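Please look through the structure below with its sequence beside it. The paragraphs that follow go from the overall form of one chain to its sheet, then to a pair of helices, and end at the contact between chains.

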Amino acid sequence: MTTSTQSIFSFLPPSLQSLATKMTSLHFVVTTLFVATLYVSFCNLVFEPGSALHVSTYTVTLLGKYLCYALLALSVDLVWGYCGILSLGHGAFFALGGYAMGMYLMRQIGDRGVYGNPELPDFMVFLNWDSLPWYWAGSDSFIWMAVMVVLIPGLLAYVFGSMAFKSRVSGVYLSIMTQAMTYALLLAFFRNEMGFGGNNGLTDFKDILGFSLQSDTTRIVLFIITAVMLAIGYAISHYIVKSKMGRVVTAIRDSESRVRFVGYKPENYKVWIFVVSGVLAGIAGALYVPQVGIINPGEFSPLNSIEMVIWVAIGGRGTLYGAIIGALVVSYAKTRFTAIMPEAWLFALGGLFVLVTLFLPKGLAGLAPQLIAKFKRSDSAKAADTADTKSEVKS
Amino acid sequence: MLRICCLLLCMLLPCNSFAESTASNPELTSAISKLPKNSLRELPKLIETIEATESPKIKTILTSLLNGDLYYIRANKQVVRVVKNTEGLYDQWHILTDEQYPAVTKSKLKKIRTNNSIRGQIKSVLALLDLSHKDPSVRLEAVKRILDNPDKESTARLKKRLAKESDEAVTQTIQVAISVAALKFGSLEEQIAAVSVLAESLEPAANNVLSRTKESLTEKTAELAEGETLSAQEKTLQTAVNKALDKIEQKRDIYSFAENLFFGISLGSVLLLAAIGLAITFGVMGVINMAHGEMMMLGAYTTYVIQQMFPELINYSLFMAIPAAFLVSGLVGILIERGVIRYLKGRPLETLLATFGISLILQQLVRTIFSPLNRQVQAPDWMSGSLEINPIFSLTYNRLYIIIFSLAVFFALMLILKKTPLGLHVRAVAQNREMARALSIKSDWVDAITFGLGSGIAGIAGVVLSQLTNVGPNLGQSYIIDSFLVVVFGGVGNLWGTLVAAMSLGSMNKFLEPLTGSVLANIIVLVGLVLFIQKRPKGLFPQKGRSAD
């Protein structure tokens, strides 16, 4: 066993090798992602469209979308699975990140819009505005956009979180408030006066950093970037969860008052994990927009946010890979269902909600406890093995 | 008496010959016969002549002249009233005898032309005609039509009418109209007297004429040469006008406040109805029911189905719909409680998710059965119309009934919870389940009934909503967040808190609306609520004592 895992990672430098052998679920997820991404891009680029092994660009974009969802699910799992904060408003962070990216892409259109105005996006010309609103300043710079993607959702998460957690709003109340938050944003972004395109949102993007969004290569690169970001997000979440802070957060989930009595300040930890989660969701949104080509206020709708929660619930909350599995499985099911029989999708989704909460409290990840047990056994075996090899080296 | 005779004659006329009617009113007949020949310049005089005959036919003649339905036959200069029929031909009636002639093409006819000033004249003549109508509301309408632009002629008529008038509202309006005329044309003394009458009136016309007088006085002051001042009387008039305008403005402020309050309370009572069921399931039982909105939707669809089943009983269908909706939603609620919620006791977040799933299923079910399009639920006659309190303030009946109804539901629920054995059991289980069970209360049964009660009330809310908004699969979704916020804002487990919260949220929304527009008002209220709950997580009226946590 040990030798086989080591042989897989033999191409890595020795420090990374030992890292990989130490963290099974992390390396498993990252490797799977790596292999899948490599396979998909390879099949898309090398094989001709007629070939049986060809993966169409449509599929690549679809997969990219799923990976964004996976990153989003990860962020939901971080707060819900590990801290017990059921956020029904994570769509807000996702959409804000998406809007930040959308603003940048909108400015990249330049004078290729319908009205050909080099400064103003089409919808502003349509509304007879003669200059950009102040908050659009700097939106034509990629760096600025990247900062905003992190900053805006993070800031919202910080403000909302610190207010809510400091006044000890928790449980169901918090869930409803997060839902109210995203609902308020939904209403706000529907307004034309907000300067974000109102009902239609931001769309008709042309290119990103000078590369056309329609070209196959850009799409594959975006897909690869998404996969990389997911891997990084996964690694970050993994380290957070395993760190001392993460353990306090998990303890808060299990018994907040006990943590408080021991002398910690649970609200600080909660705010912190909420901000990290918000930022991850924002990044997922920013990656999502160039791939689907549109961002509109619909992303703020409470239904979307609840769908995210169901990904995590189905995948298995409290396990990071569970969230990813849930997002991929449910999104794939949604794509299939809505294509074959659109009416059945809501029945299926609603049924899933009920069945999973009733019969699968630990989700798909908990479905195979034997599997996990097996993993753990091999884990301990590995630990023993590495200890052996180390002692051998020493002697 | 003469009038009655004329009326009787009128009824007999159609079957009589033309000669007889000529005999009955030769002046009118001759005036009518002049109509085809006259020029526009002579028409006003002719209209006066027609009016002077005081024949009951005047109204028909002048109305058709006003609407451009009065023609004459080219061949014999006979004046006729015409209506274009579906075949494109013109049905024609003799203007005096109402005898119908065969329909003809337009080329056989010639229109009697009018112009704007003549139409104005006709309108005021018509208004004056209505002044002596026997129905006070018609008289009131007539006076109001004159109100905007009274001339000397109509003022004289009004004064005559005032002596005979018995209805109070009509008398008042006539006085206002006379005062408006006095302020326009009268001497300074008359003007000053008129202002004091107008100050009491809320008619827009009174306000207009007062502000116009104010303007003209200001202009006069500006035109005065150095050293000259307005005469003492003019000054008195100026102060009186200013005072009157202030007074009217003040009254208008009060009434616009009252109007906002009324709208606010009516919105609040809708919120109350939507939230009150939730206040029971969430507040008393502690169960988060995200399918609550769908219970309302089911109630609304029940109303629709009942109206479809008894299309001839639209006016009574609401009374059938209320118990039916209560039963349908209540039974579905009990089903949900027995089937899902009881297995998730003590796990509020899971309950939230599971009931959300149920809400999706119910929405899709309705979409599959009734189609995703909105359904039209008709409003019964007695719900339309409004209660007019004064010219600028009126209460629409549907809002009024909804306020009354929601308060009735609220108090009925209070009674059930406070005075019946069931209510006692519900409160006992809510406070301490184990102890209640030890005292032989079947807690499972109480749970199911409580949940059914809450859901049933949501169904009733749906009946009300069907009168206000479109009935569609998404009806419930738009209310669920608001209802939760109302319950949390009021303090969970406190029905009075829910009442206060609903009313204050409704009013806040409606008072903000004129300032910010409805969407922004909605956002502000939402954000305000979120901030409030951050400050006071237990709401306005937090539960005290041991059961609080």
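In this predicted model, strand β3 of chain B, which covers residues 90-94, pairs with β4(B) in the antiparallel sense, and three bridges join the two. Within this pairing, B:Tyr90 has B:Val104 of β4(B) standing opposite.

That pair belongs to a wider arrangement, an open sheet of five strands in chain B, whose order is β4-β3-β2-β1-β5 and whose pairing is antiparallel. Because β4 (100-104) and β5 (109-111) of chain B stand at the edges and have a single partner strand each, one side of each is left without a neighbour in the sheet. Neighbouring strands of the sheet are turned against each other by 40° on average, if direction is ignored. As general background, strands of a sheet pair through backbone hydrogen bonds, in either a parallel or an antiparallel way.

Stepping back to the whole of chain B, one finds 22 helices and seven strands. The radius of gyration of chain B is 33 Å, well over the 24 Å that the globule rule gives for 549 residues, and the chain is therefore more spread out than a compact globule. Along the principal axes, the C-alpha atoms of chain B fill a box of roughly 100 × 75 × 40 Å. Of its 549 residues, 40% count as buried. When contacts in chain B between residues at least 6 apart in sequence are considered, 68% of them join residues at least 24 apart.

Among the helices, how do α13 and α20 of chain B pack? Helix α13 (residues 292-309) and helix α20 (residues 477-490) of chain B meet at an angle of about 130°, and their axes are 8 Å apart. Angles that fall between 115 and 145 degrees count as oblique, which is why α13(B) is described as oblique to α20(B). The crossing of these two helices, α13(B) and α20(B), is right-handed. On the side of α13(B), the contact is made by B:His292, B:Gly293 and B:Met296, while α20(B) contributes B:Gln477, B:Tyr479, B:Ile480 and B:Ser483.

The last stop is the contact between the chains, which takes 33 residues from chain B and 36 residues from chain A. On the side of chain B that touches chain A, α15 (348-370), α20 and α22 (518-535) of chain B each supply at least two residues. It is α15(B) that gives the most to this side of chain B, with 14 residues.

Note on methods. Residues are numbered from 1 along each chain as its sequence is written. Chains are lettered from A and ligands numbered from 1 in the order in which they are written. This is a predicted model: local features need pLDDT of at least 70, side-chain atom pairs count only at pLDDT 80 or more; totals for chains, interfaces and linings use all residues. Two strands pair if DSSP finds at least two bridges between them. Helices (H or I, at least four residues) and strands (E, at least two) are DSSP runs, numbered from the N terminus. Axes are lines fitted to C-alpha atoms, for helices over the stretch in contact, and angles run from 0 to 180 degrees between N-to-C directions. The radius of gyration is taken over C-alpha atoms; the globule rule is 2.2 Å times the number of residues to the power 0.38. A residue is buried if 20 or more other C-beta atoms lie within 10 Å of its own, exposed if 12 or fewer, and partly exposed in between; C-beta atoms are placed from the backbone. Two residues are in contact if their C-beta atoms, placed from the backbone, lie within 7 Å. Angles under 35 degrees count as roughly parallel, over 145 as roughly antiparallel, 65 to 115 as roughly perpendicular and the rest as oblique. A crossing is left-handed if the near helix is turned anticlockwise from the far one by less than a right angle, and right-handed if clockwise.
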